[in-house]
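Here's a quick briefing to keep beside the viewer. Have the sequence and the model open as you go through it.

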Amino acid sequence: MGSTPNAAPQPEPTPEPASPAVPAPHTPAGREGLAALLAHPERAVVALDFDGTLADIVPDPAKARAHPGATAALARLAPQLCAVAVITGRPAAVAVRLGGFDGMPGLDHLTVLGHYGAERWDAATGALHAPAPHPGIAAIQAELPGVLDRSGVWRGTWVETAVERKGGRAVAVHTRRATDPQHAFETLRGPLTELAERHGLIVEPGRLVLELRPPGMDKGVALADWVRETGATAVLYAGDDLGDLAAFAAIEKLRSDGVGGVLVCSGSNEVTELAERADLVVDGPRGVVALLSSLADRIGSRR
Ligand SMILES: O=P(O)(O)OC[C@H]1O[C@H](O[C@H]2O[C@H](CO)[C@@H](O)[C@H](O)[C@H]2O)[C@H](O)[C@@H](O)[C@@H]1O
């Protein structure tokens with residue numbers, strides 16, 4: 001048997017692209033937290049914010065969706081960890097729908113803590129636990145048109161789409177589509193704070209949004225309770241907005257109690273406070289997907 005003289009030369013097989021390394025935190029505490037997570041992933045948890053972290057920011061909140069690849073990356077990582085959660089200002093059911101989480105293989109034990117932790121949805125049971133609406137919300141909805149009208153900050157078109165009703169449990173006033181979004185945000189902040197306080201509510205400022213919601217819960221309380229419930233020895237949290245600072249503070253506290261922690265900022269030019277406190281800054285939701293994928297690859301390669 002000789003070789004076939006006229007056979008076309010076979011191309012060299014293309015090597016599998018090497019999976020990118022897990023990005024290194026720039027702080028010693030973050031490196032320690034990541035080392036703890038990688039040493040015992042089965043005892044580690046990952047929690048993520050939704051808008052701006054798992055989903056790109058878009059002008060219409062109803063049109064937000066998980067960044068392409070985000071849900072799949074989380075689903076690949078989740079079975080290798082003790083637990084994963086999404087902690088969001090959205091109603092839990094809305095985040096589940098926008099994220100495409102329900103029924104996603106790999107996310108069968110996902111927990112979604114909505115309304116800053118006041119609501120809870122568990123993929124394992126499909127059950128949604130939500131408190132009764134705060135009575136102040138109905139009063140606010142009635143007074144809000146007058147307050148917005150008196151502020152005089154819009155040009156007639158955006159105000160109809162500025163109010164997000166959030167299932168009757170909170171009201172978010174968005175200024176992203178105003179003629180001058182930052183000016184509208186600053187002009188509305190005082191009157192909306194006065195309105196909220198008069199009805200026993202608080203104002204949660206976010207990325208060109210002022211949310212009027214019940215007090216008594218925040219992402220820090222929600223994250224700390226959930227981490228305690230899982231018994232995790234390491235936790236990574238990723239967020240992008242001011243509401244995520246409470247979760248960062250909770251991780252700093254957990255670290256002082258001996259739990260490894262990694263603070264990840266999904267970077268943007270709209271909010272700088274998180275980047276200043278984070279152990280690792282990634283390039284928005286795209287960077288979060290890359291981080292989740294690199295963790296899934298790294299942990300998976302050792303099994
Ligand atoms: O905790 P999160 O998951 O970050 O949710 C916080 C608020 O995010 C949403 O608003 C933001 O995303 C919108 C869609 O991209 C964008 O239009 C808006 O400017 C952002 O502030 C959401 O609409 C709010 O209800 C959430 O409370």
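The protein has 10 helices and 12 strands, taken as DSSP runs numbered from the N terminus (H or I over at least four residues for helices, E over at least two for strands). This is a predicted model, where local features need pLDDT of at least 70, side-chain atom pairs count only at pLDDT 80 or more, and totals for chains, interfaces and linings use all residues. Residues are numbered from 1 along each chain as its sequence is written.

**Overall numbers**

- Along the principal axes, the C-alpha atoms fill a box of roughly 90 × 50 × 40 Å.
- Of the 303 residues, 46% are buried, meaning that 20 or more other C-beta atoms lie within 10 Å of the residue's own (12 or fewer is exposed, in between is partly exposed, and C-beta atoms are placed from the backbone).
- Take the contacts with a separation of 6 or more: residues 24 or more positions apart account for 70% of them. A contact here is two C-beta atoms, placed from the backbone, within 7 Å.

**Domains**

- The domain assignment gives domain 1 (28-131 + 217-301) and domain 2 (135-213); such bounds come from an automatic or database assignment.
- Between the two, the contact takes 14 residues from domain 1 and 15 residues from domain 2.
- On the domain 1 side that touches domain 2, the classes split into 7 nonpolar, 4 polar and 3 charged residues. Nonpolar covers Ala, Val, Leu, Ile, Met, Phe, Trp, Tyr, Cys and Pro, charged covers Asp, Glu, Lys and Arg, and the others, Gly among them, are polar.
- The C-alpha centres of domain 1 and domain 2 lie 27 Å apart.

**Ligand shell**

- There are 24 residues around the ligand, and the closest are Phe-50, Asp-51, Pro-61, Thr-88 and Gly-89. To be near the ligand, a residue needs its C-beta atom, placed from the backbone, within 6 Å of it.
- Two elements, E7 and E9, give two or more residues to this shell.
- The class count for the shell is 9 nonpolar, 6 polar and 9 charged residues.
- Where does the ligand lie relative to domain 1 and domain 2? It lies between them, because both domains give residues to the shell.

**Strand E9 and its partners**

- All of E9 (residues 209-213) is packed in, with 5 of its 5 residues buried.
- That goes for both faces: Val-209, Glu-211 and Arg-213 are buried on one side, and Leu-210 and Leu-212 on the other.
- E9 pairs antiparallel with E7 (residues 171-174) over 4 bridges, where pairing takes at least two DSSP bridges. In this pair, Val-171 stands opposite Leu-212.
- E8 (residues 202-206) also runs antiparallel to E9, joined by 5 bridges, and Pro-205 stands opposite Leu-210.
- The hairpin of E8 and E9 has 2 residues between the strands, and Leu-208 takes a positive phi near 55 degrees there.

**The eight-stranded sheet**

- An open sheet of 8 strands has mixed pairing and the order E5-E4-E3-E2-E1-E10-E11-E12.
- E5 (128-129) and E12 (280-282) stand at the edges with a single partner strand each, so one side of each has no neighbour in the sheet.
- E2 (residues 83-87) pairs parallel with E3 (residues 111-114) over 3 bridges, and Val-86 stands opposite Val-112 in E3.
- Helix H7 (residues 219-230) lies across E1 (44-48), E2, E3 and E10 (234-239), at about 165 degrees to E2. That angle is taken between N-to-C directions on a 0 to 180 degrees scale, with axes fitted to C-alpha atoms, for helices over the stretch in contact.
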